[in-house]
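I am opening a notebook on this structure and will put down what I look up, one topic at a time.

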Amino acid sequence: MSGQTSSDATPLERRVWETLEAVLDPEIPVLSVVELGIVRHVRRADDGRLHVGITPTYSGCPATEVIERSIREALEQEGLSEVVIDTVLWPAWTSQWLSEAGRRKLEAFGIAVERSPSRPLACPRCGSGAVERLSEFGSTPCKAHYRCTSCLEPFDTFKCI
Amino acid sequence: MSAAAESALPAAGEDHPRYVLRLADTSLVLGQRLCEWVGHAPALEEDLALGNIALDLIGQARLLLAHAGRIEGRGREEDQLAFLRDAPEFYNVALAEQPNGDFGATIVRQALLDAWQLELYHSLTASADERLAEIAAKALKECRYHWRFSCGWLVRLGDGTAESHARAQEALEALWRFTEELITPDALDVRMASLGIAPPLAVVRARWEARIAAALKEATLRQPSSHHYPWHGKSGVHTEHLGHLLGQMQHLQRTYPGVTW
């Protein structure tokens, strides 16, 4: 389940979700924080303030702080300045929360997406299934490094965790 | 964590933050050690792998330090805890602070600790400390692929050339004595286990020993016969290496107190 506007969301909560859909991941600037599945809740809490729950993809992901700042700035521009950002750790983020639209954007951007550890990948450039993993670690914590043995291009893969 | 969840914790006084600091410091010190490889690893892929693992460990350490500071209630935040404590106030296991040595020694140290963190965090997901259980569940996902990396290399080096086998075996002999404290409970471990905050270390020990024995067998490495020297890093008694590591890690904050970006 990715974080989504529920049908009983208030108009304010809907407006916040819409705003967050335009906040992009600084490391993968085609993907919004909503598509990445890291926005876990938006609600007016008992303290009267607006709470936005964010979960980190990886414990050490350096983008997390930039994302928090971007969310605050985007909401401030909407006139919402008294926002509390909750860091949600449970349940831990999983790549299953990446939305279908998010997957398609990543693939169009040249980043393959591992749907499950057993499902074969296709090269995002030539579509060939003849690919090999060079390393389980890549340019950011969320990516692994692959190579296509047909077109010989290296490419990043969004890891399945 | 909510105030309600916080008050539901078993009363553990100073033991509780001390226990969380043990976990935090082990991740922080090991992460700092791995950072020394950045730009120096044998191949680009290994450089990226060690840097990525270090990043995960430092991220885990930050969550744990922040939690320790909160339950300690003395207003110390993660930066103060990381940068303004001296070696005797660090409670990491001494294995984590051992120098990198060659790539083989780094892999042996990493495999011994990855297997331990994997089993420990697995058990900690059931901790009575709700926040600690959440951090453990997050860290566990990362420890799984850390172990795949270090165990994979352990087997490749051990079951590789005569040279790589000899170096891996030598590192194992040198580091094995530091494994005793990973799996032997002291009084604090026992008190934390009785409150349900920590798992009984006997459980972690059995699973760690089985995991390591299987990996060493596949790597054709010989398990050293005894632990024979108990270190007490988790009580703040360290080898001489920790002071040097902290000297480098804390230099900036010690020289310019309160400095910010």
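**Entry 1. Domains of chain A.**
I note at the start that the model is predicted. I began with how far apart the two domains of chain A lie: their centres, taken over C-alpha atoms, are separated by 28 Å. I then looked up the bounds, and the domain assignment puts domain 1 of chain A at 11–95 and domain 2 of chain A at 110–158. Next I asked how many residues each domain gives to the contact. Domain 1 of chain A supplies 6 residues and domain 2 of chain A supplies 4 residues. On the side of domain 1 of chain A that touches domain 2 of chain A, I find 2 nonpolar, 3 polar and 1 charged residues.

**Entry 2. The three-stranded sheet of chain A.**
I turned to a sheet in chain A and wrote down its strand order, S1-S2-S3. This sheet of 3 strands is open, and its pairing is mixed. Which strands are at the edges? They are strand S1 (39–44) and strand S3 (83–87) of chain A, and each pairs on one side only. I note an average twist of 20 degrees from one strand to the next.

I then took the pairs one by one. S1(A) pairs with strand S2 (residues 50–54) of chain A in the antiparallel sense, over 5 bridges. In that pair, Val42(A) has Val52(A) of S2(A) as its bridge partner. The hairpin of S1(A) and S2(A) has 5 residues between the strands, and in it I find Gly48(A) with a positive phi near 85 degrees. S2(A) and S3(A) run parallel and are joined by 5 bridges. Opposite Gly53(A), in S3(A), stands Asp86(A).

**Entry 3. Helices on that sheet.**
I looked for helices that touch these strands. Helix H1 (residues 11–20) of chain A lies across S1 and S2 of chain A and runs at about 145 degrees to S1(A). Helix H2 (residues 63–77) of chain A also packs on the sheet, where H2 touches S2 and S3 of chain A. The direction of H2 makes about 155 degrees with that of S3(A).

**Entry 4. The four-stranded sheet of chain A.**
I went on to another open sheet of chain A, with 4 strands in the order S4-S7-S6-S5 and mixed pairing. Why is one side of strand S4 (111–113) and of strand S5 (131–135) of chain A left without a neighbour in the sheet? Both stand at the edges and have a single partner strand each, so one side of each lacks a neighbour there. Ignoring direction, I note that neighbouring strands of this sheet are turned by 40 degrees against each other on average.

S4(A) and strand S7 (residues 154–158) of chain A run parallel, with 3 bridges joining them. I looked up the partner of Val113(A) in S7(A), and the bridge leads to Phe158(A). Helix H3 (residues 100–109) of chain A packs on this sheet and touches S4 and S7 of chain A. The angle between the direction of this helix and that of S4(A) is about 140 degrees.

**Entry 5. Helix pairs in chain B.**
In chain B I looked at helix packing. Helix H5 (residues 103–124) and helix H7 (residues 162–175) of chain B have axes that come within 8 Å and cross at roughly 50 degrees. That angle is why I enter H5(B) as oblique to H7(B). The crossing is right-handed. Among the residues in this contact are Val108(B) and Leu112(B) of H5(B), and Ala168(B) and Leu172(B) of H7(B). By class, I find 7 nonpolar, 2 polar and 2 charged residues in the contact.

I then took helix H3 (residues 44–72) and helix H6 (residues 130–158) of chain B, which pack at an angle of about 165 degrees with their axes 11 Å apart. H3(B) is therefore roughly antiparallel to H6(B). H3(B) passes H6(B) in a left-handed crossing. The residues that meet include Ile53(B) and Leu63(B) in H3(B), and Ile135(B) and Phe149(B) in H6(B). This contact divides into 8 nonpolar, 3 polar and 3 charged residues.

**Entry 6. Between the chains.**
Last, I looked up how the two chains meet. Chain A has 15 residues in contact with 20 residues of chain B. On the side of chain A that touches chain B, I note 9 nonpolar, 5 polar and 1 charged residues.

Note on methods:
Residues are numbered from 1 along each chain as its sequence is written. Chains are lettered from A and ligands numbered from 1 in the order in which they are written. This is a predicted model: local features need pLDDT of at least 70, side-chain atom pairs count only at pLDDT 80 or more; totals for chains, interfaces and linings use all residues. Two residues are in contact if their C-beta atoms, placed from the backbone, lie within 7 Å. Ala, Val, Leu, Ile, Met, Phe, Trp, Tyr, Cys and Pro count as nonpolar, Asp, Glu, Lys and Arg as charged, and the others, Gly among them, as polar. Domain bounds come from an automatic or database domain assignment. Axes are lines fitted to C-alpha atoms, for helices over the stretch in contact, and angles run from 0 to 180 degrees between N-to-C directions. Helices (H or I, at least four residues) and strands (E, at least two) are DSSP runs, numbered from the N terminus. Angles under 35 degrees count as roughly parallel, over 145 as roughly antiparallel, 65 to 115 as roughly perpendicular and the rest as oblique. A crossing is left-handed if the near helix is turned anticlockwise from the far one by less than a right angle, and right-handed if clockwise. Two strands pair if DSSP finds at least two bridges between them.
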